[in-house]
Amino acid sequence: MEKHTNEVESPSAAGRPAVSRSSVRTVIGASMVGTAIEFYDFYAYGTASANYFPKLFFPKTDPTVALLASLLTFAIAFIARPLGSLIFGHFGDRQGRKTTLVVSLLTMGCSTVLIGVLPTYATWGLWAVVVLCLCRFVQGIGLGGEWSGAALVATENAPEGKRALYGSFPELGAPIGFFLANGTYFLLEIFCTPEQMLSWGWRVPFLLSAILVVVGLAVRVSMQETPIFQMALDQQKVVKTPLLEVFRKSWRQVLQATFLVAVTYTLFYTLATWSLAYGTKPKSQGGGGLGFTNQEYLLMLMVSILVFALFIVLACVYADRIGRRRVLIGSSVMLVVFSLVFPYLLMAHHNTFQVMVFLCVGFALMGIAFGPIGAFLPELFDANVRYSGSGIGYNLAAIVGAAFVPTIATWLSSHWGVRSVGLYLAVMAVCCLVAVLTCHETKDVDFTK
């Protein structure tokens, strides 16, 4: 197999048409780089909204209220994501995966860099908050077209029997982006004083995003259209209004996809955003008073994210062997148990061992729940509406499962204690279990249709 040419697969025994596939290296680069940038941008904002934005953009309010307001700006991009999935899904199913992914990456990257040069409340007053929200909204529009396109680049190039494994490529962008974002903040906090971080240090991760965007564009501009979409073009199966087709014929699959993914969002932002604030802030500022510094907690998150990456791959390997449903049913049941147990790990002051157990077990379950989604969601939809259908479901899940998670969890923990956060996650896990049980197994579906 050549590095820069396509590998041609002969017709299968089932009589399916022959398709040409890009090399594994090209598929990995095109699908993983963009989602790594996506998650890098989101994690950078999530960390900033938990630690710096309350003082920079909401300095004249009560500390707890300022934290809640800052976390609400975090939610804006999630609200915009379904709109982005409608826009980019339409063009992705009409014009192709490649061009759509390039535009979504540019939209996302430019808004992220603008946040890095934005004046704060001290300079612009209320207008600083307004422009921050606007940048966050545009970022969400771009993100709305990102994941589903990257998942299709991976799975529509996958050889038979390896779709879940190939679907893990964009999923691995999540821990990679997280590691880069938190690693950047970790290094900054080593070399910068708290005053320097509030003055200019918080801007660095957003500005560094420009480098990642250039790399991502270079990879995506050079890739070819996916063979499945090219086949749909050749067979004239492309529909004029894919969005209408999705809601007319596949509305049930959209609902299933939404609740399949929602729990992974809830779990992730409970682990990565809410727990960061809970572990590092005193109770007077909306935290849990666990006594960790930002640097200590970021280091623990960076170690545990390696567990996340490992279990994504393991879950996808087993999803190709035993099916997507069995893996996701198992992860949902284990998440219910975890939700009821983890609050007891966050009750001791500065107990590193207990917090590491919480993070590592949580991210292991996150990997099991998140990994197979890269193949399972696209497999729920026909090829001519796959970008729209999987994108709408995935991004509606961002509202249901993620948009207000840090805010809700912070409010619950400050009013009802940390056990209420566990019950919140358990409810989302049960919703996922119900969604999985209503789905048919898709491991052996004909992906060309």
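By a surface patch I mean a group of residues that each have over 30% relative accessible area and no salt bridge, with nonpolar side chains joined within 5 Å. Please keep in mind throughout that what we are looking at is a predicted model.

With that in hand, let me begin on the outside, where Leu-83, Ile-87, Phe-91, Leu-134, Phe-137 and Val-138 make up a nonpolar patch whose accessible area comes to about 490 Å² together. Two helices, helix 3 (63-94) and helix 6 (126-144), each contribute at least two residues to this nonpolar patch. Take Phe-137, which sits in helix 6: why does Phe-137 count as partly exposed? Its relative accessible area is 32%, and because partly exposed covers the range between under 20%, which is buried, and over 50%, which is exposed, that value falls in the middle class.

Let me turn now to the empty space inside. Rolling a probe the size of a water molecule over the atoms is what reveals where such space remains. The structure has 2 cavities of 30 Å³ or more, and the largest of them encloses about 70 Å³. Its lining includes Phe-39, Tyr-43, Thr-264, Tyr-269 and Met-366, and the elements that give two or more residues to that lining are helix 1 (24-51), helix 13 (251-280) and helix 16 (352-370). Helix 13 provides the largest share, with 4 residues. By class, the lining of this largest cavity has 10 nonpolar residues, 1 polar residue and no charged ones.

The second largest cavity has a volume of about 50 Å³, and among the residues that line it are Phe-42, Tyr-43, Asn-182, Tyr-269 and Thr-273. Here helix 1, helix 8 (163-191) and helix 13 each supply at least two lining residues, and the lining divides into 6 nonpolar and 4 polar residues, again with no charged residue.

Finally, there is the largest pocket, with a volume of about 520 Å³. Which of its 25 lining residues are the closest to its centre? They are Asn-51, Lys-55, Lys-281, Gln-285 and Asn-294. Helix 1, helix 2 (53-57), helix 3, helix 9 (194-199) and helix 14 (294-322) are the elements that give two or more residues to the lining of this pocket, and by class that lining holds 14 nonpolar, 8 polar and 3 charged residues.

To close, then, I would set the linings side by side: the two cavities have no charged residues in theirs, whereas the largest pocket has 3.

Note on methods
Residues numbered from 1 in each chain as written. Predicted model: local features only at pLDDT ≥ 70, side-chain atom pairs only at ≥ 80, totals over all residues. Heavy atoms only, no water. Patch = residues over 30% accessible without salt bridge, like charges linked within 9 Å, V, L, I, M, F, W, Y side chains within 5 Å. Areas by Shrake-Rupley, 256 points an atom, 1.4 Å probe, with all protein chains shown as cover. Salt bridge = Lys/Arg side-chain N within 4 Å of Asp/Glu carboxyl O. Buried < 20%, exposed > 50% of the residue type's maximum accessible area, 1.4 Å probe, protein only. 1 Å grid on protein atoms, 1.4 Å probe; cavity = no way out; pocket = protein on both sides within 12 Å on 5 of 7 lines; lining within 4 Å. Points joined across faces, edges and corners; volume = space filled by probe spheres on them. Nonpolar A, V, L, I, M, F, W, Y, C, P; charged D, E, K, R; others polar.
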